[in-house]
Amino acid sequence: MTLELYVLARWLHLLGLLVWIGHNYANVVQRPRYRPVDPVDTAAADQLFMQAAQREHGTFRYASLVVLASGLYMLWFRGILTEALTLQGQFAVLGLGVWIGLLMTANLWFVLWPHQKKVLGFVPAAHAERVRCSRITFLSSRTNTILSFPAVFLMTAGAHAPTLF
Amino acid sequence: MRPPRFRLPHETLGGTVACGLLLTALLYLLARWMV
C-alpha cells in the first residue's frame, strides 16, 4: 500500500508540476513583456472573463501545493527528507532543487497571490493600485520562471543522473 | 503611471530565458562542488 502511495505521489507531483509551471510558461509566451492591466473597473469587467481568470489562478495556485506535498512525501518515503533539506552529500543536488521549489511556492503564495487578489478583483482596488500590483505579479511570476529552470534540472538530474555531479 | 526608468532582466522573454539558463549553470557548478 505504501508503494502505491509513493507512485501516486510521484504521478501527482508531475501532474501538478505540469499544471503549475505549464501555466507559468504559457503566460510567458502570451505576455513576453509587461503591460499594465486594462483601465476597466473590475465590477464592470466581463464577468465570464474574470471568473475564468480567477478559476485559472486558483487551479495553478493549488497545484503548487500538490507539488509541494507530494514532493515532501516522496522524500520522507525514501527516508532522505533531512539529508535533502540539509544538502548532505549526493542529496545536495536534489536538496538544492527542493529549496528552490520551496522558494517558488513561497513566492507564489506570499508575493504574487496577495497582489494578484487586487488585479483579479478578489479584493476591490482602485485602478492605480491594480496597475501597481500587476507589475509586481508580473515580476514575481517571471522570477518563478527563472527559478523553474534550475529547479527542474536539479530535480531530474539529482534523481536520474548522479554521474553528472 | 510613468514607465520604469530601466528594465529588469526578467521583464523580457530573452532576459528571462538567459537568467534561467545562467542560474541553472551556476547552480550546477555549485551542486558539483557540494557533492
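Reader: What covers the buried residues of helix 1 of chain B?
Author: This is a predicted model, so local features need pLDDT of at least 70 and side-chain atom pairs count only at pLDDT 80 or more, while totals for chains, interfaces and linings use all residues. Residues are numbered from 1 along each chain as its sequence is written, and chains are lettered from A and ligands numbered from 1 in the order in which they are written. Helices (H or I, at least four residues) and strands (E, at least two) are DSSP runs numbered from the N terminus. The cover of those buried residues includes three elements of chain A: helix 1 (2-30), helix 4 and helix 5.

Reader: Which residues of helix 1 of chain B are buried?
Author: Buried means 20 or more other C-beta atoms within 10 Å of the residue's own, exposed means 12 or fewer, and partly exposed is in between, with C-beta atoms placed from the backbone. The buried ones cover an arc of only 80° around the axis (taken from the directions from the axis to the C-beta atoms), so they sit on the same side of helix 1 of chain B. They are Thr16(B), Gly20(B), Thr24(B), Leu27(B) and Ala31(B).

Reader: And which residues are exposed on the other side of helix 1 of chain B?
Author: Chain B comes to one helix and zero strands, and buried residues make up 17% of its 35 residues. Turn that helix around and the exposed residues are Gly14(B), Leu26(B), Leu29(B), Arg32(B) and Trp33(B).

Reader: How far apart are the end C-alpha atoms of helix 1 of chain B?
Author: The helix has 22 residues, and at 1.5 Å a residue it should span 32 Å. That expectation is 1.5 Å times one less than the number of residues. The model agrees, because the end C-alpha atoms lie apart by 31 Å.

Reader: Which helix of chain A supplies the largest share of the side that touches chain B?
Author: Two residues are in contact if their C-beta atoms, placed from the backbone, lie within 7 Å, and this contact takes 23 residues from chain A and 17 residues from chain B. Helix 4 (91-119) and helix 5 (127-160) of chain A each supply at least two residues of the chain A side. The largest share, eleven residues, comes from helix 5.

Reader: At what angle do helix 5 of chain A and helix 1 of chain B cross?
Author: Among the residues that meet here are Phe149(A) and Phe153(A) from helix 5 of chain A, and Leu23(B) and Leu27(B) from helix 1 of chain B. Axes are lines fitted to C-alpha atoms, for helices over the stretch in contact, and angles run from 0 to 180 degrees between N-to-C directions. The two axes come within 8 Å and cross at roughly 35°.

Reader: How far apart are the axes where helix 1 of chain A packs on helix 5 of chain A?
Author: Ile21(A), Asn24(A), Asn27(A) and Val28(A) in helix 1 meet Ser141(A), Asn144(A), Thr145(A) and Ser148(A) in helix 5. The helices pack at an angle of about 115°, and their axes are apart by 10 Å.

Reader: Which residue between helix 3 and helix 4 of chain A has a positive phi without being glycine, and where does it count on the buried-to-exposed scale?
Author: The residue is Leu87(A), in the loop between helix 3 (81-85) and helix 4 of chain A, with phi near 55°. Because Leu87(A) has 18 C-beta neighbours inside 10 Å, it counts as partly exposed.
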